[in-house]
Amino acid sequence: MRTSFRVVEVTDGLDALFEGRRETLTVPEVAELLGMTKPGVYKWLKEGVIPGYKVGATWFILRDELKETLRQGANSPHRKASE
């Protein structure tokens with residue numbers, strides 16, 4: 001008798017927050033996503049608080065880099081992968 005298993009991906013709050021987002025985000029998208037103002041996002045980009053790339057006058061933020069930065073700065077304990 002064969003048993004089939006359904007694989008369910010485990011996600012967290014950040015995965016849900018970024019679900020459906022493009023791989024490259026703009027400053028207005030990040031501001032909306034984080035509930036910030038655009039000047040606040042520009043300030044964080046210039047200070048290196050969040051990762052981004054400036055080409056000419058335009059900033060680009062990679063979704064996965066931003067998600068990882070936010071994950072590293074979380075103030076709640078994380079379960080280890082082995083748990």
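Tyr53, Val55, Phe60 and Leu62 make a nonpolar surface patch of about 340 Å² in this predicted model. Two elements, β2 (53-55) and β3, give two or more residues each to the patch. Phe60 is a good residue to look at here, since its place is in strand β3. Why does Phe60 count as partly exposed? Its relative accessibility is 32%, and the partly exposed class runs between the limits of 20% for buried and 50% for exposed.

**The overall layout**

Let's step back to the chain as a whole. The protein chain has four helices and three strands, and reading along the sequence gives the pattern α-β-α-α-β-β-α. Of the 83 residues in the protein chain, 20% are buried. The accessible surface comes to about 6,700 Å², and carbon and sulfur atoms account for 53% of that surface. If you count contacts in the protein chain with a separation of 6 or more, 41% of them are between residues 24 or more positions apart.

**The sheet**

The three strands form an open sheet in the order β1-β3-β2, and the pairing is antiparallel. Which strands are at the edges? They are β1 (24-25) and β2, each of which pairs on one side only. Between β1 and β3, which run antiparallel, there are two bridges. Here Thr24 stands opposite Leu62 in β3. Leu62 was met above as one of the residues of the nonpolar surface patch.

**The nonpolar core**

Now for the interior. The largest nonpolar core has 13 residues, and those with the most contacts inside it are Leu25, Val30, Val41, Leu45, Ile61 and Leu66. At least two residues of this core come from each of α1 (13-18), α2 (27-34), α3 (38-47) and β3 (58-62). Which element supplies the largest share of the core? That is α2, with four residues.

Val41 gives a handy view of how the core is put together. Leaving aside its neighbours within four places in sequence, Val41 touches Val27, Val30, Ala31, Met36 and Ile50. Val30, one of these partners, is also listed with Val41 among the residues with the most contacts inside the core.

**Salt bridges**

Side chains of opposite charge can pair when their charged atoms come close. How many salt bridges does a search of the whole structure find? It finds seven, including the three in this table.

| Salt bridge | Closest N and O atoms |
|---|---|
| Asp15 and Lys67 | 3.0 Å |
| Lys43 and Glu47 | 3.3 Å |
| Asp64 and Arg63 | 2.9 Å |

The pair of Asp15 and Lys67 links distant parts of the chain, with Asp15 in helix α1, Lys67 in helix α4 and their positions 52 residues apart. Lys67 counts as buried because its relative accessible area is 15%, which is under the 20% limit. Apart from its neighbours within four places in sequence, Lys67 is in contact with Leu14, Asp15 and Phe18. Asp15 and Lys67 also belong to a network of salt bridges that links them with Glu68 and Arg71.

The pair of Lys43 and Glu47 has another setting. Because Lys43 and Glu47 are four residues apart in helix α3, about one helical turn separates them. Is Lys43 buried or partly exposed? At 48% relative accessibility, Lys43 counts as partly exposed, as the limit for exposed is over 50%.

Asp64 and Arg63 make the remaining pair in the table. Arg63 is found in helix α4 (residues 63-72). Arg63 has a relative accessible area of 17%, so this residue is buried, while Asp64 is partly exposed at 46%. Which residues does Arg63 touch, leaving aside its neighbours within four places in sequence? They are Phe18, Arg21, Arg22, Glu23 and Leu25. Leu25 among these is one of the residues with the most contacts inside the largest nonpolar core.

Definitions and conventions
Residues numbered from 1 in each chain as written. Predicted model: local features only at pLDDT ≥ 70, side-chain atom pairs only at ≥ 80, totals over all residues. Heavy atoms only, no water. Core = buried A, V, L, I, M, F, W, Y, C linked by side-chain atoms within 4.5 Å. Buried < 20%, exposed > 50% of the residue type's maximum accessible area, 1.4 Å probe, protein only. Contact = heavy atoms within 4.5 Å. Patch = residues over 30% accessible without salt bridge, like charges linked within 9 Å, V, L, I, M, F, W, Y side chains within 5 Å. Areas by Shrake-Rupley, 256 points an atom, 1.4 Å probe, with all protein chains shown as cover. Salt bridge = Lys/Arg side-chain N within 4 Å of Asp/Glu carboxyl O. Pairing = 2+ DSSP bridges.
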